[in-house]
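User: I would like to learn how to read the features of a fold. Please take me through this one step by step.

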Amino acid sequence: MSAAVMEPTARLLPAPDRLRNAGAVMVSLLVLVGGLWLAAQQTARPVAHLSVSGGGDRVTAAEVRVALAEALQGPISQLDLVQLQQAVVALPWVARARVERVWPDGVHVRIWERVPMARWGTEALVDTTAATFTPRPSDVPPGLPQLDGPEGAVAEVMQRYLGLAEAVADAGLELTGLSLDVRGEWIGRIAPGVPVRFGREDPLSRVPVLNGPVARVTTGRLSEVERIDLRYTNGFAVRWRTSAADEGAQ
């Protein structure tokens with residue numbers, strides 16, 4: 001005699017429970033669709049707000065807005081942040097910038113201004129990182145030293161200037177400029193605008209002569225000096241404005 005096997009049967013929920021479950025699913029779908037619709041509406045918004053921070057005396061929020069006016073057209077989700085950053089950095093006084101979206105309809109720009117260190121050539125400036133830039137002539141600060149040199153020599157000229165300026169200050173001299181010409185010769189300028197020819201060697205190697213015998217000869221008379229020549233191995237030459245003759249002291 002064989003035992004009877006009972007087949008499991010599907011257990012149906014009562015009708016009220018099935019209705020409640022179907023309702024919950026429907027509500028979830030509606031919430032999901034609504035969320036997606038709302039997100040789509042937000043990403044399609046145009047930029048309504050642009051905020052700028054980090055600017056100082058050189059870069060204004062108005063300048064940033066003008067620079068970005070065209071690139072900010074269109075939905076906020078489609079903005080090219082790299083393009084926006086490049087547009088801001090193209091402003092002469094901006095050293096670097098960061099651009100980010102501020103949902104749902106804003107953009108924030110953080111800028112870092114350049115700090116000018118000297119003039120470079122006839123129109124440009126060099127900042128404290130040895131980067132050159134060309135601002136409007138009216139924006140060039142007064143009193144900057146004048147540097148110049150071949151392409152690619154900015155950092156070298158700047159470092160030589162800083163070291164030399166500190167060294168000659170010990171003798172009460174103010175170095176107002178330094179240049180490196182195409183022949184490799186260094187030419188400085190001390191206040192009130194006297195050219196000093198250092199030759200092709202490191203200008204610092206001639207500082208003992210400039211701070212010593214030259215300073216003793218010219219103290220109180222620098223306004224009468226036309227130029228100073230330190231290219232001599234064992235001496236120097238001073239040309240006075242009141243005399244056609246050069247005066248060598250050693």
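User: Let us start with the inventory. How many helices and strands are there in the protein chain?

Analyst: The protein chain has 5 helices and 13 strands. Keep in mind that this is a predicted model. Of its 250 residues, 32% are buried. Take the contacts between residues at least 6 apart in sequence: 47% of them join residues at least 24 apart.

User: How do I read a pair of packed helices? At what angle do α2 and α3 pack?

Analyst: Two numbers describe such a pair: the angle between the axes and the distance between the axes. Here helix α2 (residues 61–68) packs with helix α3 (residues 81–89) at about 130°, and the axes are 9 Å apart. That angle makes α2 oblique to α3. The crossing of the two is right-handed.

User: Which residues make the contact between α2 and α3?

Analyst: From α2 come Val64, Ala67 and Leu68. From α3 come Leu84, Ala87 and Val88. By class, this contact counts 6 nonpolar residues, no polar and no charged ones. The general rule helps with the spacing. An α-helix has 3.6 residues a turn, so residues three or four places apart point the same way.

User: Now a sheet. In what order do the strands β1, β2 and β3 stand?

Analyst: The order is β1-β3-β2, in an open sheet of 3 strands with mixed pairing. β1 (49–53) and β2 (94–102) are at the edges with a single partner strand each, so one side of each has no neighbour in the sheet. From one strand to the next, the twist averages 20°.

User: In which sense do β1 and β3 pair, parallel or antiparallel?

Analyst: Parallel: β1 and strand β3 (residues 106–113) pair over 5 bridges. To find the register, look at His49, whose bridge partner in β3 is Gly106.

User: Where do α2 and α3 lie on these strands?

Analyst: α2 lies across β1 and β3, and runs at about 130° to β1. α3 packs on the sheet and touches β2 and β3. The direction of α3 makes about 145° with that of β2.

User: Next, the faces of a strand. Which side chains of β9 are buried, and which are not?

Analyst: In a regular strand, side chains alternate between the two faces of the sheet. Strand β9 (residues 186–190) shows this alternation. Trp186, Gly188 and Ile190 point to one face and are buried. Ile187 and Arg189 point to the other face and are not buried.

User: Which strands pair with β9, and in what sense?

Analyst: Strand β8 (residues 175–180) pairs with β9 in the antiparallel sense, over 5 bridges. Here Leu175 has Ile190 as its bridge partner. Strand β10 (residues 194–199) also pairs with β9 in the antiparallel sense, over 5 bridges. In that pairing, Gly188 stands opposite Val196.

User: What should I look for in the hairpins?

Analyst: Check the backbone for a positive phi. The hairpin of β8 and β9 has 5 residues between the strands, and Gly184 takes a positive phi near 85°. The hairpin of β9 and β10 has 3 residues between the strands, and Gly193 takes a positive phi near 110°.

User: Last, a helix against its surroundings. Which residues of α5 are buried, and what do they pack against?

Analyst: In helix α5 (residues 207–218), the buried residues are Val207, Val209, Leu210, Gly212, Pro213, Val214, Ala215 and Thr218. The buried residues of α5 pack against α4 (154–169), β10, β11 (225–229) and β12 (237–240). Just after α5, look at Gly220: its phi is positive, about 80°.

Technical notes
Residues numbered from 1 in each chain as written. Predicted model: local features only at pLDDT ≥ 70, side-chain atom pairs only at ≥ 80, totals over all residues. Heavy atoms only, no water. Axes fitted to C-alpha atoms, helices over the stretch in contact; angles between N-to-C directions. Helix = DSSP H or I, 4+ residues; strand = E, 2+ residues; numbered from the N terminus. Parallel < 35°, antiparallel > 145°, perpendicular 65-115°, else oblique. Left-handed = near helix turned anticlockwise from the far one by under 90°. Contact = heavy atoms within 4.5 Å. Nonpolar A, V, L, I, M, F, W, Y, C, P; charged D, E, K, R; others polar. Pairing = 2+ DSSP bridges. Buried < 20%, exposed > 50% of the residue type's maximum accessible area, 1.4 Å probe, protein only.
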